[in-house]
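Colleague: I have a sequence and a structure to go with it. Could you take me through the fold before I look at single residues?

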Amino acid sequence: MPVTVKDMIERLDYDDLLKIKKDLDDGGIHMNRLVKEKIKQHLLMHRRICVVCQNEIEPYSTNNYTLLFGPEDFKKKATFCALDCLQYFLNQMKEKKEGMKIEKETPE
Ligand SMILES: [Zn+2]
């Protein structure tokens, strides 16, 4: 089961809580760095697996594709092991968008 931030804080001992409190009071530089590091790790892991077929990505294969999408301040990244997977993903996205549009246009 994934650990929530609340669980994590419950488990910390008093000294660690004081350290975090001090860090947050100082602008949270240390916490920010820890969180950024972890996000970087997640992105690296993500980059190695195709989001469609879950195949491992061959780092030097010329069949790899990476798609960046979403708003500038919250860009999402998806990596694909082949053009077919990218195509499938785009079709899914398109269907989802069109589905949403139809739902919106249907009067209640
Ligand atoms: Zn794939």
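**Fold, hairpin and core**

Modeller: This is a predicted model. Ask away.

Colleague: What pattern does the chain follow along the sequence?

Modeller: The secondary structure comes to four helices and two strands. Read in sequence order, the pattern is α-α-α-β-β-α.

Colleague: What is the radius of gyration of the chain, set against a compact globule of 108 residues?

Modeller: The C-alpha atoms fill a box of roughly 50 × 50 × 30 Å along the principal axes. Buried residues make up 5% of the 108 residues. A compact globule of 108 residues would have a radius of gyration near 13 Å, but this chain has 20 Å.

Colleague: How far apart are the end C-alpha atoms of helix α2?

Modeller: Helix α2 covers residues 14-25 and is hardly covered, with a count of zero buried residues among its 12. After α2 comes Gly27, with a positive phi near 105°. At 1.5 Å a residue, the 12 residues of α2 should span 16 Å, which agrees with the separation of its end C-alpha atoms, 16 Å.

Colleague: Is strand β1 buried or in the open?

Modeller: Strand β1 consists of residues 65-69. A residue counts as buried with 20 or more other C-beta atoms within 10 Å of its own. The number of β1 residues that are buried is zero, so the strand lies largely in the open.

Colleague: Which residue in β2 is the bridge partner of Tyr65?

Modeller: β1 and β2 (residues 76-80) run antiparallel and are joined by five bridges. Their hairpin has six residues between the strands, and Gly70 takes a positive phi near 100° there. For Tyr65, the bridge partner in β2 is Phe80.

Colleague: Which residues make up the largest nonpolar core?

Modeller: Phe80, the partner of Tyr65, belongs to this core. Cys81 is also a member, and its contacts beyond four places in sequence include Cys50, Cys53 and Ile57. The core has five residues in all: Ile57, Phe80, Cys81, Cys85 and Leu86.

Colleague: What separates the C-alpha atoms of Asn63 and Cys81?

Modeller: Asn63 is found in the loop between α3 (29-47) and β1. With 13 other C-beta atoms within 10 Å, Asn63 is partly exposed. Leaving aside neighbours within four places, Asn63 is in contact with Cys81, Ala82 and Leu83. Asn63 and Cys81 are 18 residues apart along the chain, and their C-alpha atoms are separated by 6.1 Å.

Definitions and conventions: Residues numbered from 1 in each chain as written. Predicted model: local features only at pLDDT ≥ 70, side-chain atom pairs only at ≥ 80, totals over all residues. Pairing = 2+ DSSP bridges. Expected span 1.5 Å × (residues − 1). Core = buried A, V, L, I, M, F, W, Y, C linked by C-beta atoms within 7 Å. Contact = placed C-beta atoms within 7 Å. Rg over C-alpha atoms; globule rule 2.2 N^0.38 Å.
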